[in-house]
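Work through these three exercises with the structure open. Try each task before you read its solution.

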Amino acid sequence: MLRQSLNLKLSQKLSPQQIQLMKLIQLPTLAFEQRLAEELNENPALEAGQEEEDYAQDEFENDDYDDYEEEDRDDPISDDLEIDQYLSDDIPDYKTKSNNYSDDDEQRESPLAAAVTFHQDLLNQLSTFLLTDQEREIAEFLVGSVDDTGYIRRSLTDIVDDMAFTQGIYTDEKTVERVLHVVQSLEPAGVGARDLQECLLLQLRAKTPTESVSIALDIIEKNFERFTKKQYDKLQERLLISNQQLRDAIHEIEKLNPKPGGNFAGSTRPTENVVPDFSIRINEGDLELSLNGRNAPTLHVSRDYQDMLQTYKESKDKTVQRDAVQFIKQKLDSAKWFIDAIKQRQETLMVTMTAIMQYQEEYFLTGDETRLRPMILKDIAERTGLDVSTISRVASSKYVETPYGTKLIKEFFSEAMKNDQGEDVSTLEIKKILQDIIDEEDKSNPLNDDALADMLKERGYPIARRTVAKYRDLLEIPSGRMRRKI
């Protein structure tokens, strides 16, 4: 049986402008500059820099624009031209874009230098080998199976089946393995290996033979498991070598590259430059915060577009200019909103970072990481009156330049733990002390997690062994056995 009912529901939705503002707040300096350039390119009503003449923009916004709106509301032609309509994203492209190029303009494109990829370099090297047609097809397929680190992580059986089904190349494992040796002879040494052990062996065999290289070969080829477990005493007994000989052999192994494809110039990604969004300085014992000037561009609404709107207001034939008016209004409002959003972004960034700086004042004055206070997003949200999500957007991807280096802001946030005196201390403080203890340990007899927990307890931080293991993993520090050196 069908029933009708009336339900009241209260919901909160962000407007498109609010969503865009949140995205702007989240952007770091470099990404913000790119977004600004896109907006300047897409909106001709938005201009950068100071206006050439002393023009009262506020007067336009509060007088001319309001007068226009009032007159426009009285105009029957514009009754259906609602603000939601011309601010929406549903306006056809031809109404919001213009083509400034004529048919006579010459299209010029700057040629870009194409770097040789890792796989293309391997194929180029293959061209120097004398191979049959089938062997070359197999070799090219094997090169295509090499991952970005330089490994072929597939069994020969899978490769044989794959070539038969996808390439129509019918062969056997013996032939593929013979061609694989050709691929493994390419540069860089170690490429085409199926596992780490084979990768290290290929590199050692490519070295000039010495006593250390010979011992290293024996270690990797016949005693790889003992080596990975750092059972150095057993290695010495089995190989009948001295401590110095073992040390020299391990030094040879440590010089090898476990990822031979990772250092290829054509395959590496460009290093991302970190541009600090804020700067903190100490001036006569006081902290001074400044925002990177690249986050505070000088923008204004185009006077030409304002004049165009004024011209329309004075025009009698408004029917002909209907589409032009819609375009102008959309661009002017978009430019005005963007300028306001940039100002609000600047204020939000400064308010948030000021609160963080004041909260962590002892650290910024001394640089001592043990002075970092426990701090969560809610703490800063309560100080600033902003939402927790806004604080998260500011902290997630932005950097601050301090007298002690450039830091990622979110690294200043941490949970609290109790010390032996019942005081709240930052987990960052405990991690720093744990790092110092491990740095100072005897590497020939490194501390295990139980010993580390005992030492932290002696210093007033009673935490469990599993917590020590957790912090050690977060610091990317291996276990005690794996830290051992001879």
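Helices (H or I, at least four residues) and strands (E, at least two) are DSSP runs, numbered from the N terminus. The model is predicted, so local features need pLDDT of at least 70, side-chain atom pairs count only at pLDDT 80 or more, and totals for chains, interfaces and linings use all residues. Residues are numbered from 1 along each chain as its sequence is written, and side-chain values use heavy atoms, with hydrogens and water left out.

**Exercise 1.** Place Ser-212 and decide: is Ser-212 buried or exposed?

Solution.
- Step 1: Find the helix. Ser-212 sits in H11, residues 211–222.
- Step 2: Apply the cut-offs. Buried means under 20% relative accessible area, exposed over 50%, partly exposed in between (1.4 Å probe, protein chains only).
- Step 3: Decide. Ser-212 has a relative accessible area of 17%, so Ser-212 is buried.
- Step 4: List contacts (heavy atoms within 4.5 Å). Leaving out residues up to four places away in sequence, Ser-212 touches Asp-248, Ala-249 and Glu-252.

**Exercise 2.** Do the same for Tyr-363: is Tyr-363 buried or exposed?

Solution.
- Step 1: Tyr-363 belongs to helix H17, residues 361–366.
- Step 2: Its relative accessibility is 2%, so Tyr-363 is buried.
- Step 3: Beyond four places in sequence, Tyr-363 touches seven residues' worth of neighbours, among them Tyr-404, Lys-407 and Phe-412.

**Exercise 3.** How far apart are Tyr-363 and Tyr-404, in sequence and in space?

Solution.
- Step 1: Count along the chain. Tyr-363 and Tyr-404 are 41 residues apart in sequence.
- Step 2: Go from C-alpha to C-alpha. The distance between Tyr-363 and Tyr-404 is 10.0 Å.
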